[in-house]
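Hi everyone, thanks for coming. Please get the structure up on your screens, and I'll walk you through it piece by piece.

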Number of protein chains: 4
Amino acid sequence: MIIVLKPNISKKQESTILKEIRKRGYKPHVMRGVARIVIGAIGDELTHQSLETLLTVFPQIVESVMPVQKRYKLVSREAHPQNSTVKVGNHVIGSKKFHVMAGPCSVESEKQLLTTAEAVKAAGATMLRGGAFKPRTSPYEFQGLGEKGLKLLAKARKLTGLPIITELLSENHAGMVADYADIIQIGARNSQNFQLLIAAAKTGRPILLKRGLSMKIEEWLLAGEYVLSEENCNLMFCERGIRTFETYTRNTLDLSTIPIIKKESHFPIVIDPSQGAGRADLVKAMCKGAVAMGADALLIEVHPNPAEAWSDGTQQVSLEVFAQLMQELRPLILASGRE
Amino acid sequence: MIIVLKPNISKKQESTILKEIRKRGYKPHVMRGVARIVIGAIGDELTHQSLETLLTVFPQIVESVMPVQKRYKLVSREAHPQNSTVKVGNHVIGSKKFHVMAGPCSVESEKQLLTTAEAVKAAGATMLRGGAFKPRTSPYEFQGLGEKGLKLLAKARKLTGLPIITELLSENHAGMVADYADIIQIGARNSQNFQLLIAAAKTGRPILLKRGLSMKIEEWLLAGEYVLSEENCNLMFCERGIRTFETYTRNTLDLSTIPIIKKESHFPIVIDPSQGAGRADLVKAMCKGAVAMGADALLIEVHPNPAEAWSDGTQQVSLEVFAQLMQELRPLILASGRE
Amino acid sequence: MIIVLKPNISKKQESTILKEIRKRGYKPHVMRGVARIVIGAIGDELTHQSLETLLTVFPQIVESVMPVQKRYKLVSREAHPQNSTVKVGNHVIGSKKFHVMAGPCSVESEKQLLTTAEAVKAAGATMLRGGAFKPRTSPYEFQGLGEKGLKLLAKARKLTGLPIITELLSENHAGMVADYADIIQIGARNSQNFQLLIAAAKTGRPILLKRGLSMKIEEWLLAGEYVLSEENCNLMFCERGIRTFETYTRNTLDLSTIPIIKKESHFPIVIDPSQGAGRADLVKAMCKGAVAMGADALLIEVHPNPAEAWSDGTQQVSLEVFAQLMQELRPLILASGRE
Amino acid sequence: MIIVLKPNISKKQESTILKEIRKRGYKPHVMRGVARIVIGAIGDELTHQSLETLLTVFPQIVESVMPVQKRYKLVSREAHPQNSTVKVGNHVIGSKKFHVMAGPCSVESEKQLLTTAEAVKAAGATMLRGGAFKPRTSPYEFQGLGEKGLKLLAKARKLTGLPIITELLSENHAGMVADYADIIQIGARNSQNFQLLIAAAKTGRPILLKRGLSMKIEEWLLAGEYVLSEENCNLMFCERGIRTFETYTRNTLDLSTIPIIKKESHFPIVIDPSQGAGRADLVKAMCKGAVAMGADALLIEVHPNPAEAWSDGTQQVSLEVFAQLMQELRPLILASGRE
């Protein structure tokens with residue numbers, strides 16, 4: 001920790017602070033600068049009590065307190081310099097092969113799901129997404145088919161061989177969802193619902209952790225740290241857009257997370273352009289950017305008839321548009337050195 | 001719903017859209033404007049399927065789709081023009097009497113809690129706050145004393161007579177927390193954890209619902225709608241700061257929520273300046289603003305020794321500062337026509 | 001400056017960095033911590049070249065670089081511990097007396113302006129506001145009456161004795177606006193138009209500097225520093241709302257700027273609730289909060305017939321509402337120890 | 001305009017509103033819906049007075065007022081369905097050929113500029129960027145070489161044949177900057193400095209208009225409308241990152257502007273990843289995304305020795321990194337169907 005003192009501090013005030021630093025187990029190291037005194041407090045910030053309270057308790061003496069250590073450990077590339085990959089069935093996410101997870105926002109019916117599953121497989125998708133439990137802003141909106149939806153997903157997997165990814169909403173459903181799903185998705189609204197993260201991690205299933213609507217990258221990495229702390233190392237980060245002042249799009253998809261997650265962490269990064277833009281007409285361009293920037297996979301909402309979707313119809317692309325998108329992505333995937 | 005068509009639309013395109021509107025159960029009403037055609041779709045937006053997907057499915061024809069109904073019902077002042085109040089023990093929140101809920105961020109020990117409880121009571125607080133389960137950004141930080149903390153809160157209530165408010169973090173703890181707490185707090189990170197909201201509402205205890213870090217007011221009201229849908233009418237909204245670009249404060253306390261919640265809803269509004277500012281030195285001014293603007297209560301973090309607090313020490317005020325704050329608030333409470 | 005090195009840095013890498021620090025005129029001071037090496041670079045950050053580029057040039061060695069000095073000087077309370085006041089005619093802003101600047105968004109006609117001027121004076125306002133040059137998002141909107149508007153403002157001053165405040169939009173109009181205005185307003189969109197700030201400051205008139213829509217407090221203080229650098233010490237800061245994700249209000253009025261500006265600077269702080277909320281029905285509550293929190297003045301848009309205003313009608317209050325507001329503010333002004 | 005009335009409105013209240021609508025020159029069209037009455041006001045919103053004030057003046061009757069027309073005209077793709085291109089010397093921006101504008105943040109010396117110009121030309125850049133007038137947050141920072149910098153840019157153009165782009169900061173310098181520059185840049189802080197936009201447009205030079213830090217896309221298009229209103233049709237939009245809550249990067253580069261500007265407008269879109277990320281280590285990935293998503297050009301900060309740059313050293317890439325980046329972009333440019 002670095003403690004910056006205010007200008008013109010007396011000897012007595014200085015020693016008050018030095019005493020407080022020592023009391024908390026740190027070794028103070030004083031630097032007398034041109035304008036003010038700066039104290040380095042040497043000690044492990046992760047195991048000692050924070051010194052940030054000095055700012056509040058001695059507001060006449062202390063100007064600012066700055067941590068020097070990063071708060072995340074297991075998730076950090078420092079701790080694990082080579083890339084980590086996540087195995088799902090015969091697939092490996094985070095390897096040279098690029099993956100596309102596609103399917104409807106909500107599972108609505110057997111016909112809707114199976115039609116979509118077969119079409120996305122034919123177009124080249126490697127995994128099937130579909131929501132059985134849906135977090136909806138209003139209690140009056142469709143909340144998902146629940147376990148019936150999970151059973152339909154399992155049926156679609158049997159038919160197509162595509163592994164399935166679906167969202168977990170309640171701690172009490174962790175076991176049930178893990179019984180059906182190949183990947184458990186933690187949604188943006190639950191990205192700091194730590195009890196849910198722990199319950200999901202404990203199932204041992206791979207976890208796709210979406211970024212919260214106003215989650216800083218450091219907080220996202222720390223939420224991943226909750227998964228790793230439960231000894232589940234099958235983690236993927238998924239950017240799906242953050243909330244900003246702009247209202248043209250539903251969210252602002254932050255594609256800079258691709259190089260940042262690659263730099264700070266060793267786990268794969270997945271991009272969800274459907275939630276990110278909230279508009280099907282922007283999905284194609286977003287996917288192209290994500291591929292070129294080095295994402296490991298895409299998560300795309302596809303519906304046989306978006307106009308009649310029971311949820312988020314405006315952001316789902318049709319089967320035809322999806323097939324065309326996959327064609328257009330191919331040259332970019334190759335140009336980016338992926339398969 | 002209002003559907004705005006693009007300029008220069010053919011007769012055939014117009015009838016395509018009219019057909020789609022009828023198919024979804026709405027009655028279309030065409031207005032030919034100067035620059036473009038606008039269609040009013042008459043029907044109950046809360047029970048019919050949304051027409052917003054027309055925008056995506058017919059991007060060549062439709063320019064925009066705008067809802068005209070508000071999405072919240074039970075929580076709305078339209079549905080209940082007079083103020084609703086919440087009874088807690090002998091106290092009534094939302095009445096003429098102004099309330100102050102005060103206490104430590106986390107319950108740390110019997111001594112810490114009882115000292116604080118007695119001091120805040122002496123200074124004029126009417127309720128005791130204290131966290132037993134703490135949502136922490138990092139898994140390596142103090143997570144709260146759990147049920148032991150709840151027992152200490154109950155002890156403090158017995159001693160001082162102050163009703164207690166504490167946060168619920170897990171669906172599985174809803175019963176346990178309700179056994180001890182007079183008010184259940186739903187924190188900002190869980191404000192759209194609908195499963196938790198439902199579990200909390202079902203206990204029948206009054207619910208204090210904090211605004212999420214990037215929650216729009218409409219979403220906050222709709223989250224309240226989840227509580228009311230479970231037939232729990234003891235709801236309070238609590239503003240605690242939103243996340244903006246500003247880094248001087250931890251969050252930006254949005255005091256405009258006071259007149260807005262009063263206008264849109266019939267439930268009480270509580271202000272939490274401690275989380276809002278994240279800095280004890282700003283808490284006093286924030287409290288004064290909240291009182292003058294018509295808040296029903298304050299939720300303030302108080303600690304006998306903020307420098308040694310196990311969580312969020314920088315935003316907790318000392319017992320002395322709290323007593324002084326209560327003195328300074330009095331003339332403003334009276335000048336605002338409260339008691 | 002504090003330079004934090006990455007973990008496991010070699011002796012050779014460490015000396016590379018030490019050499020670079022010395023080359024830029026700082027004296028390095030090495031602290032060997034538990035997890036990593038931290039270097040304090042001693043020297044005046046305002047006169048030396050920044051060391052932040054070390055982060056980019058030696059990304060394998062340097063983890064972060066943190067400044068320890070504040071970047072603003074003349075505007076800072078450190079430089080001038082007692083409050084500064086601004087004299088305008090017989091009035092002193094920043095003194096015990098609370099001020100209200102009121103008037104129309106745009107000057108539209110002699111009748112509109114004089115009616116408003118007399119009404120706001122009768123209700124207790126101490127200064128008259130009115131826009132002659134208007135910054136409008138679209139080139140097709142009313143751009144103000146220009147010099148004709150300034151002449152009308154001068155006439156209203158003659159009639160009522162109220163000093164006038166009006167916005168400067170162009171460097172080329174600085175002289176002309178200064179000839180008529182008692183206070184020159186720099187609007188939110190021009191808050192970092194430094195050439196305009198310099199031109200305004202050079203006229204010697206008091207400057208009211210609005211906060212930009214996404215301006216950090218540090219940047220606002222530094223923009224004020226541009227005014228002071230031109231030896232104009234008649235500066236006022238004016239909060240008028242920042243841009244956030246919330247769409248219920250046009251902007252989010254950040255009332256926490258009142259205690260913050262008071263703490264960091266010695267100049268007065270003025271609150272503009274009209275722009276802040278963008279809705280007349282919220283203006284009253286905002287004004288009350290501002291008074292209770294210690295603002296020095298209010299800037300309020302008032303129009304004899306808001307429904308027919310040529311600009312920003314939704315945020316202007318009527319003469320009746322203004323008179324009523326002034327009545328309601330009185331007890332709060334007294335309760336806050338002001339006059 | 002669409003006017004939504006509150007529920008349970010009397011006949012008399014309804015006719016009050018109808019009268020007001022007619023008074024402003026619109027023809028009202030009443031639709032009686034299930035929950036409330038909706039009125040379509042037929043008339044040209046760009047030439048008539050806005051009806052939004054009805055919301056404020058009749059708050060008991062009117063619930064909301066929604067415009068149906070877009071506010072921008074000349075800049076809109078509706079007005080000009082095919083792409084517009086901008087000619088600069090022998091180059092055409094917005095055509096099949098992809099362009100790269102590269103050079104230092106600030107012009108510092110003849111040697112620095114000429115070295116950079118020759119290196120970026122050799123690497124494939126088609127234009128030279130360089131700042132002679134610099135908008136700096138603090139008055140104590142380097143403000144640019146002024147006209148001396150412009151002369152050096154002209155010299156570099158003579159030597160390399162690269163057209164030059166440089167920023168205009170003051171209305172008073174419009175003529176001078178136009179004498180030297182091939183493209184005039186309007187910076188983010190001045191994106192709503194309409195007087196500067198008008199002065200720049202009047203020179204007839206192509207204008208590169210950066211997006212403001214918190215500028216909505218509609219506002220950006222309307223700022224472009226100011227340029228077109230001066231009969232200057234050589235307009236380019238340039239995304240350079242918006243301000244959000246995230247602090248890992250200096251700004252959040254919003255790459256979704258590429259498909260959005262292409263959809264809403266007919267003018268070229270340029271991406272500036274240097275300002276966008278504020279970190280040289282992220283520039284490469286950003287450039288790749290921009291190319292794949294269909295940008296027309298890149299604007300990249302390059303410096304022979306970023307560690308010693310006089311401004312924004314952390315975001316400038318070295319000559320070597322730039323040459324390598326250009327190599328890596330080639331396959332993506334081809335895969336995107338550009339040259």
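**A walk through the strands and chains**

Let's begin in chain C, where strand β8 (residues 127-129) and strand β9 are joined by 2 bridges and run parallel. Before we go on, a quick word: what you are looking at is a predicted model. Now, which residue of β9(C) does Arg129(C) stand opposite? Find Arg129(C) on your screen, look across, and you meet Ile165(C).

How does the chain get from one strand to the next? Between β8(C) and β9(C) comes helix α4 (residues 147-160), and these three elements of chain C make a right-handed β-α-β unit.

Let's stay with β9(C), which covers residues 164-167. Which way do its side chains point? Ile164(C) and Thr166(C) point one way, while Ile165(C) and Glu167(C) point the other way. Are these four residues buried or exposed? All of them are buried, Glu167(C) included.

On we go to the next neighbour. Strand β10 of chain C, residues 183-186, runs parallel to β9(C), and 3 bridges join the two. Here you can spot Thr166(C) standing opposite Ile184(C). There is a right-handed β-α-β unit here too, made by β9(C), helix α5 (residues 174-180) and β10(C).

Now please turn to chain A for the wider picture. How many strands close into a barrel there? The count is 8, in the order β7-β8-β9-β10-β11-β12-β13-β14, and the pairing is parallel. On average, neighbouring strands of this sheet are turned by 25° against each other, ignoring direction.

Helices pack on this sheet as well. One of them is helix α4 of chain A (residues 147-160), which touches β8 and β9 of chain A. The direction of α4(A) makes about 165° with that of β9(A). Another is helix α7 of chain A, residues 217-229, which touches β11 (207-210), β12 (235-239) and β13 (269-271) of chain A. For α7(A), the angle with the direction of β12(A) is about 155°.

Next stop, chain B. Here 4 strands form an open sheet in the order β2-β3-β1-β4, with antiparallel pairing. Which strands sit at the edges? They are β2 (27-32) and β4 (62-66) of chain B, each pairing on one side only. From one strand to the next, the twist averages 20°.

Take a look at β2(B) and strand β3 of chain B, residues 37-42: they run antiparallel and are joined by 6 bridges. In this pair, Pro28(B) stands opposite Ala41(B). Packed on the sheet is helix α1 of chain B (residues 11-23), touching β1 (2-5), β2, β3 and β4 of chain B. Its direction makes about 150° with that of β2(B).

Finally, let's see how chains C and D go together. Chain C superposes on chain D by a rotation of 180° with 0.0 Å of shift along the axis, at an RMSD of 0.0 Å. The two copies are therefore related as by a two-fold rotation axis. Which C-alpha of chain C is nearest the axis? That is the one of Ser214(C), 3.0 Å from it. The same surface serves both copies, as 100% of the contact residues of chain C recur in chain D.

The contact takes 47 residues from chain C and 47 residues from chain D. About 4,200 Å² is buried between the two chains, and carbon and sulfur atoms give 50% of that area. Three residues to remember are Thr137(C), Tyr140(C) and Arg243(C): they supply 15% of the area that chain C buries against chain D, more than any other three residues.

Conventions: Residues numbered from 1 in each chain as written. Chains lettered and ligands numbered in written order. Predicted model: local features only at pLDDT ≥ 70, side-chain atom pairs only at ≥ 80, totals over all residues. Heavy atoms only, no water. Buried < 20%, exposed > 50% of the residue type's maximum accessible area, 1.4 Å probe, protein only. Pairing = 2+ DSSP bridges. Right-handed = clockwise from strand over helix to strand, strands pointing away. Axes fitted to C-alpha atoms, helices over the stretch in contact; angles between N-to-C directions. Contact = heavy atoms within 4.5 Å. Least-squares fit on C-alpha atoms with pLDDT ≥ 70 in both. Buried area = accessible area lost by both parts, 1.4 Å probe.
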